[in-house]
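Biologist: Could you take a close look at the pockets and cavities for me, and then add a few words on strand pairing and cysteines? Please explain your cut-offs as you go.

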Amino acid sequence: MLLRPFHFILLFCIQIAGGEPGPTSVELFVDHSAAPLHGPEITVPHDASTLAFAVAPQSLSVRYKLEGLDHDWTTRVDKMFFMVRFLNARGDQLSQMSFPVSGRSDGWKGSLEKSEFTRRKETFSVPPDAVYMSVAMSSAGAPSLVGMYAASEISIKSEGNGSPTPARVFMSDSRTAEPLPHFWIKSGTHPSMAYGLHLDEGDEASPVLVIMDDDLAGHADWATEIHALPVTPGEILEAQWKEAYSISAGGNFTATYERLPPGSYRFLVEDLTVTGDSLNSVTAVSVYVPRPYWKSFWFWGIVAAAVAILSTLVGRQLIRRKISRHLQQAQMIADERLRIARDLHDDLGTRLSHISLLGAYAESNSADDEARTSFRQITAMSRELISALSETVWMLNPKNNELEALVDFLCRLVSELCKLAEIRCRIDALPAFHNMAISHEFRHNVSLAVKEAINNALKHSHATEIKMTIRLDETLLKITIADNGVGITRDAGKPGLGLESISQRMASIRGKCTIRPLGNDGLEISLEAPLA
């Protein structure tokens, strides 16, 4: 934080003219701008690097602080001086010993009457060619100096150690050993600011020399008569005195703050008396430094929302690509299955049909009974292979991945198997199913499970009738196969009758197989599986 004094021409003119000072004004300069900002509430740019508060006080002295940054008040200080001057025989000054004072003395309590004086001691030597010594007090410092300085019990003596001149007392209790008229003399550009207490002859109280500087344009001095204190060069002198003071700097000034963090602040200026006591008059300016948008909560909220939306879009795009690749692969597999199905139908189907026709022709033209029996078996096996090939082609064809196609296939399959076994067949299925898509695995496992159940009934149940019921309960397909045979028998050579294979197939598509005996008159197999 930097302080620099203003030009004081305006204030000087007001005081010289005898006018009353105006209210304390505060102007704010941002960075290098020549135009000040006014008002009780000021908002500055977030990137401002320097804020300069230009203060024109109404009183001689003020103190200030920036609430939100400063913890204590700041009071500008200046210096007054206690001096010892050495002069030659013509009265010209040869040298000067200066002992500055600034701020407040330790015992200061608001006024001279209430304050405790502090003792001070200094030692120095008389320079060559010095003939006289003069003791002085002065407020001739910087033009901004204001305040009070008081000194008493001033004594000066020579130590005499190793000196050809014996020890002697020059001053005691601010007086010479022999009283002299006009020993203390006022001077300066405004000498009336210097006054004394108990200086009259016959007053036994200790004299008190006071300078009350309340004029920014002038100064006052107290000094002893230049010929009153003769000295000898080389003497070692000891000076002691008591002092009390309250000294500060007045006038216009600028308080500068650099790179304030974002937030709200109040710049306060409190008017003080010439001795630094409060006048209970405060001027306040509120300053708001906004937070940069990239440090604001709403900005990071927008960034987070944008990142979330972008992540969602990217994630959805990646999922779509993955699904697209999966669909492309599924379509390639379906196309390959369709090609295999066509090849099997066109090639193997034609060859098997040819073999069946040749077997039938050979059977009809053969005279050997054994040969005709063999040809008949060949013809039957060829027809069975053609039927199995037809089922395989149906399984491989992706166009049949619909529920309606599966139900039609199961009805035809069960009807043909019962017809070949010369067993009555009753099929109870809904007349129409929605065109619901099913997977190849679902179609494959359900059709093989139904075929396995029908074959078990045909081979082992000794039934005369088989009934199949197909129902759709929302997305759950239910198939029930019942016969009027002997039920389950546990032959050692035929454990399970293939029912374990049916259960495994249904479990692979998240379904289940339930077997329930129908008393002493048959068996019921229930198959259930979800379409999804």
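Modeller: Happy to; I will go through the pockets, then the cavities, and finish with the cysteines and one strand. This is a predicted model, in which local features need pLDDT of at least 70 and side-chain atom pairs count only at pLDDT 80 or more, while totals for chains, interfaces and linings use all residues. Residues are numbered from 1 along each chain as its sequence is written, and side-chain values use heavy atoms, leaving out hydrogens and water.

Let's begin with the terms for empty space. On a 1 Å grid over the protein atoms alone, a cavity is a set of points where a 1.4 Å probe fits but cannot get out, whereas a pocket is an open set with protein on both sides within 12 Å along at least five of seven lines; a lining residue has an atom within 4 Å of a point. Points are joined across faces, edges and corners, and a volume is the space filled by probe spheres set on them.

The largest pocket holds about 450 Å³. It has 18 lining residues, and those closest to its centre are Arg 175, Leu 180, Leu 199, Asp 200 and Glu 201. Its lining divides into 8 nonpolar, 5 polar and 5 charged residues, where Ala, Val, Leu, Ile, Met, Phe, Trp, Tyr, Cys and Pro are nonpolar, Asp, Glu, Lys and Arg are charged, and the others, Gly among them, are polar.

The second largest pocket has a volume of about 360 Å³. Among its 13 lining residues, Glu 384, Ser 387, Glu 391, Leu 417 and Leu 420 lie nearest the centre. Two or more lining residues come from each of helix 3 (369-396), helix 4 (403-421) and helix 5 (440-460); helices (H or I, at least four residues) and strands (E, at least two) are DSSP runs, numbered from the N terminus. By class, this lining has 6 nonpolar, 2 polar and 5 charged residues.

Now for the enclosed spaces. There are 2 cavities of 30 Å³ or more in the whole structure, and the largest cavity takes up about 150 Å³. Of the 14 residues around the largest cavity, Asn 456, Ala 457, Asp 483, Leu 523 and Ile 525 are nearest its centre. Helix 5, strand 23 (476-483) and strand 25 (523-530) each give two or more residues to this lining, with helix 5 giving the most, 4 residues. The lining contains 9 nonpolar, 4 polar and 1 charged residues.

What about the cysteines? A disulfide is a pair of cysteine sulfur atoms within 2.5 Å, and a search of the whole structure finds 0. The closest cysteine sulfur to that of Cys 418 is in Cys 425, 3.9 Å away, which is too far for a bond. Cys 418 is buried at 1% relative accessible area, and Cys 513 is buried too, at 18%; buried means under 20% relative accessible area, exposed over 50% and partly exposed in between, with a 1.4 Å probe and protein chains only.

Finally, strand 16 (residues 221-224) is covered on both faces, with Asp 221 and Ala 223 buried on one side and Trp 222 and Thr 224 buried on the other. Strands pair if DSSP finds at least two bridges between them. Strand 16 pairs antiparallel with strand 10 (residues 132-138) over 3 bridges and with strand 13 (residues 184-187) over 4 bridges, again antiparallel. Asp 221 is the bridge partner of Ser 138 and of Ser 187.
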